[in-house]
Amino acid sequence: MGSLPGGGAVAQELLLELAMEPVAGFVEPYNDVMLRVAAQVDKMVSPLKIHNGNLMVIPEIYSGLFSTFVHAFRNAVDHGIEMPDHRVDIGKPAEGQVDVTFSLNHNSQGSWLLVQIKDDGGGIDPARIREKLTGKGLDVSAESDQQIIQHIFDSQFSTREHVTDISGRGVGMDAIKVAAEELAGRVWVESTVGQGSTLFVEVPYITEFQKDKKLPTAA
């Protein structure tokens with residue numbers, strides 16, 4: 001018997017489906033990470049909320065990027081979420097909340113996977129970062145507050161005066177940036193003091209490997 005027309009394409013689609021996994025599986029373990037960090041710093045955090053976690057990806061392509069997200073979740077609790085009593089005093093629930101949202105966007109350049117990691121903590125104070133950068137001899141007077149807070153992705157950047165086992169070593173957010181850029185993507189952060197921060201990670205939505213290179217290509 002001859003093969004059915006288009007059989008090869010169907011087989012490829014089936015193989016692709018078998019190779020892909022829901023994104024939720026890559027971030028669900030970070031719920032335990034957040035709980036451990038919260039316990040170490042006497043904070044409270046609600047269970048991680050995952051939105052659109054059934055979106056499918058190829059693990060071999062994105063697992064490296066997703067593994068760097070541990071820094072974002074640790075920072076959200078250690079740096080972002082306020083102490084329970086302070087949260088209550090300012091009208092917030094004692095428990096902080098962290099959400100991660102996955103979405104697909106399409107434009108003339110292709111399809112993009114967008115990851116948003118949002119916390120309802122104290123936000124990033126641009127004045128504090130500006131002071132830190134100025135103290136290092138950098139002239140950032142012409143930069144807007146939005147530009148200033150992007151410096152959290154600088155290599156070895158930290159606002160912590162004292163290094164702890166949790167954070168303050170100035171590594172982590174730069175690792176996320178490097179991993180995203182290796183996939184031809186980008187990262188940025190938006191934040192409002194007193195309300196919280198959102199980390200955005202946008203990378204091509206890749207569904208196949210290039211045959212002649214190690215790096216994948218956008219579908």
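Here a trainee and a mentor talk through the sheet, helices and core of a predicted model.

Trainee: Let's begin with the sheet: in what order do the strands of the open sheet run?
Mentor: Good place to start! The edge strands, each pairing on one side only, are β2 (49-51) and β6 (186-192). The sheet is open, has five strands and shows mixed pairing. From one strand to the next, the twist averages 15 degrees. The order is β2-β4-β5-β7-β6.

Trainee: Which residue in β7 stands opposite Q116?
Mentor: Look at strand β5 (residues 110-119) and strand β7 (residues 196-204), which pair in the antiparallel sense. Eight bridges join this pair. Opposite Q116, in β7, you will find F200.

Trainee: Is V100 buried or exposed?
Mentor: Find V100 in strand β4 (residues 98-107). Beyond its neighbours up to four places away in sequence, V100 touches V27, L48, K49, I50, H51, F73, V115, Q116 and I117. Its relative accessibility is 0%, and the cut-off for burial is under 20%. Because of that 0% value, V100 counts as buried.

Trainee: At what angle does α4 run to β5?
Mentor: Turn the model until you see helix α4 (residues 59-80). This helix lies across three strands, β4, β5 and β7. Its angle to β5 is about 25 degrees.

Trainee: And how many residues in the contact of α3 with α4 are nonpolar?
Mentor: Helix α3 (residues 30-40) packs against α4 at an angle of about 35 degrees, with the axes 9 Å apart, and the crossing is right-handed. On the α3 side the contact is made by Y30, V33, M34, V37 and A38, while α4 brings residues including F66, F69, V70 and F73. One residue of the contact is polar and two are charged, and the nonpolar ones number 10.

Trainee: Which helix gives the largest share of the largest nonpolar core?
Mentor: That core has 51 residues, and those touching the most other members are Y62, F66, F69, L113 and V201. As a general point, nonpolar side chains in soluble globular proteins tend to be buried together. The largest share here is 10 residues, and the helix they come from is α4.

Trainee: Last one: leaving aside neighbours within four places in sequence, which residues is Y62 in contact with?
Mentor: A nice one to finish on, since Y62 is among the core residues that touch the most other members. Select Y62 and leave aside its neighbours within four places in sequence. The residues in contact with Y62 are then V57, L113, L183, V203, P204, Y205 and I206.

Key: Residues are numbered from 1 along each chain as its sequence is written. This is a predicted model: local features need pLDDT of at least 70, side-chain atom pairs count only at pLDDT 80 or more; totals for chains, interfaces and linings use all residues. Side-chain values use heavy atoms; hydrogens and water are left out. A nonpolar core is a set of buried Ala, Val, Leu, Ile, Met, Phe, Trp, Tyr and Cys residues joined through side-chain atoms within 4.5 Å. Buried means under 20% relative accessible area, exposed over 50%, partly exposed in between (1.4 Å probe, protein chains only). Helices (H or I, at least four residues) and strands (E, at least two) are DSSP runs, numbered from the N terminus. Contact means heavy atoms within 4.5 Å. Axes are lines fitted to C-alpha atoms, for helices over the stretch in contact, and angles run from 0 to 180 degrees between N-to-C directions. A crossing is left-handed if the near helix is turned anticlockwise from the far one by less than a right angle, and right-handed if clockwise. Ala, Val, Leu, Ile, Met, Phe, Trp, Tyr, Cys and Pro count as nonpolar, Asp, Glu, Lys and Arg as charged, and the others, Gly among them, as polar. Two strands pair if DSSP finds at least two bridges between them.
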